[in-house]
Amino acid sequence: MWDFEHPPLDAPLALRYQIDRMTPSECAGRLASGEADIGLIPIAALASNPSLRILPGCTIASKGRVRSLLLVHRAAQPIGALRSVAADTASRTTVAYTRILLHRWGNPDAAFIPAAANLDAMLAIADAAILIGDPALLALENQANRLERTGEKLIYLDLAEEWTGLMHVPFVSAVWSIACSKLSDESIANDFNQSRIHGLDNIEALVAEWSKKLPVPEQTIRSYLTTNIHYVLDDECIEGMKVFFRAAAQLSVLPEYTPEISSI
């Protein structure tokens, strides 16, 4: 979103786009209802709204360790013995990935319990917890403190790292999607792709910005933005999406869906 938030392009882009900020699941809901034309949405939402068009070029993905998507469980309880997983109900895509992984690990029957993103509270009601975004990054930073405070040893599984190691394709979390058929993919894709490029050219400025917003060391933010997250919807990521949707459909986790992405 660099160009949308920084000069010299923020002013001309503001004449073309009205930006509303909300959770990814809310973005998907706005697109499905027709309240929005473009949205950054979790890829699982595409299976429920196959009329949405994927904007080529941009993604939120990982080709290894991502750090912001965790499955946390007690070390004393192996993954195959987990009976329940606490998860944010807004995290449909991450839950879908986790369900597929649990099937692969021989545990297809674990129940998923809706819960707010608080690790202690989640583990009080379930055998494992899914943490997403800032809560996951903060949980990794606070591992030693939690162990000292509780004496309970936990296993922090990086879901993207587990997925890429098992399936040999990238872990794709979200894509930009268009709901309105009257909009030009090429014009919009150019705006968003250029913004991505300029953002990557200004990583140090982003690190400085976000280090003031999160209680996380600058080096952690820098590594996250440069190493953990992959931003280009390349052929590997497109194949990763296809693998995800095939596996999700085979296990009845999501309806059948085949992503179609126009090239520009």
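Leu-206 touches Trp-2, Gly-199 and Leu-225, leaving aside residues up to four places away in sequence, and in this predicted model Leu-206 is found in helix H11, which covers residues 203–211. Its relative accessibility is 16%, so Leu-206 counts as buried, the limit for that label being under 20% relative accessible area. Ala-128 stands 78 residues from Leu-206 along the chain, and the C-alpha atoms of these two residues are separated by 33 Å. Elsewhere in the model, Lys-213 lies over the face of Trp-210, 4.2 Å from the ring centre.

The aromatic side chains offer a way into the rest of the fold. A search of the whole structure finds ten aromatic pairs. One of them joins Phe-4 and Tyr-17 edge-to-face, with 5.4 Å from centre to centre and 75° between the planes. This pair links distant parts of the chain, since Phe-4 belongs to helix H1 (residues 2–5) while Tyr-17 lies in the loop between helix H2 (10–14) and helix H3 (24–33), 13 residues apart. Both Phe-4 and Tyr-17 are buried. Phe-4 also pairs with Phe-192: the ring centres are 5.0 Å apart and the planes meet at 40°, so this pair is tilted. Here the link runs from helix H1, which holds Phe-4, to helix H10 (residues 185–200), which holds Phe-192, across 188 residues of the chain. Phe-4 counts as buried because its relative accessibility is 13%, and Phe-192, at 6%, counts as buried too.

Ring pairs also link Tyr-97, Trp-163, Phe-171, Phe-244, Phe-245 and Tyr-257 into a cluster, and some of these names return when the nonpolar interior is considered. In soluble globular proteins, nonpolar side chains tend to be buried together. The largest nonpolar core in this model has 62 residues, of which Ile-43, Leu-46, Trp-163, Met-241, Phe-244 and Phe-245 touch the most other members. Helix H13 (residues 235–250) gives the most to this core, with eight residues. Phe-245 touches Ile-43, Ala-44, Leu-46, Ala-47, Leu-254, Tyr-257 and Pro-259, again without counting residues up to four places away in sequence. A second, separate core of 15 residues includes Leu-70, Ala-129, Leu-131 and Leu-140.

Burial is not confined to nonpolar residues, as Gln-77 shows: its relative accessibility is 16%, and it therefore counts as buried. Gln-77 is found in the loop between strand E3 (69–74) and strand E4 (84–87), where its side chain reaches the backbone oxygen of Ala-81 at 3.2 Å. With residues up to four places away in sequence left out, Gln-77 touches Leu-82, Arg-83 and Asp-127.

The backbone has some details that deserve a careful look. Most residues other than glycine have a negative phi, and most peptide bonds are trans. The peptide bond from Pro-7 to Pro-8, however, is cis, with omega near 10°, and Pro-8 has its place in the loop between H1 and H2. Arg-67 is not a glycine, yet it has a positive phi of about 75°; its place is in the loop between strand E2 (53–62) and E3. His-168 likewise has a positive phi, of about 65°, although it is not a glycine, and it is found in the loop between helix H9 (159–167) and strand E8 (171–178). The surroundings of these two residues can be set side by side: Arg-67 counts as buried because its relative accessibility is 12%, whereas His-168 is exposed, with a relative accessible area of 67%.

Terms used
Residues are numbered from 1 along each chain as its sequence is written. This is a predicted model: local features need pLDDT of at least 70, side-chain atom pairs count only at pLDDT 80 or more; totals for chains, interfaces and linings use all residues. Side-chain values use heavy atoms; hydrogens and water are left out. Rings of Phe, Tyr and Trp (its six-membered ring) pair if their centres lie within 6.5 Å; planes under 30 degrees apart count as stacked, over 60 as edge-to-face and the rest as tilted. Helices (H or I, at least four residues) and strands (E, at least two) are DSSP runs, numbered from the N terminus. Buried means under 20% relative accessible area, exposed over 50%, partly exposed in between (1.4 Å probe, protein chains only). A charge sits over a ring if NZ of Lys or CZ of Arg is within 6 Å of the ring centre and within 35 degrees of the ring normal. A nonpolar core is a set of buried Ala, Val, Leu, Ile, Met, Phe, Trp, Tyr and Cys residues joined through side-chain atoms within 4.5 Å. Contact means heavy atoms within 4.5 Å. A polar contact is a pair of N or O atoms within 3.5 Å; within protein, one must be able to donate a hydrogen and the other to accept it, and residues adjacent in sequence count only if both atoms are side-chain atoms.
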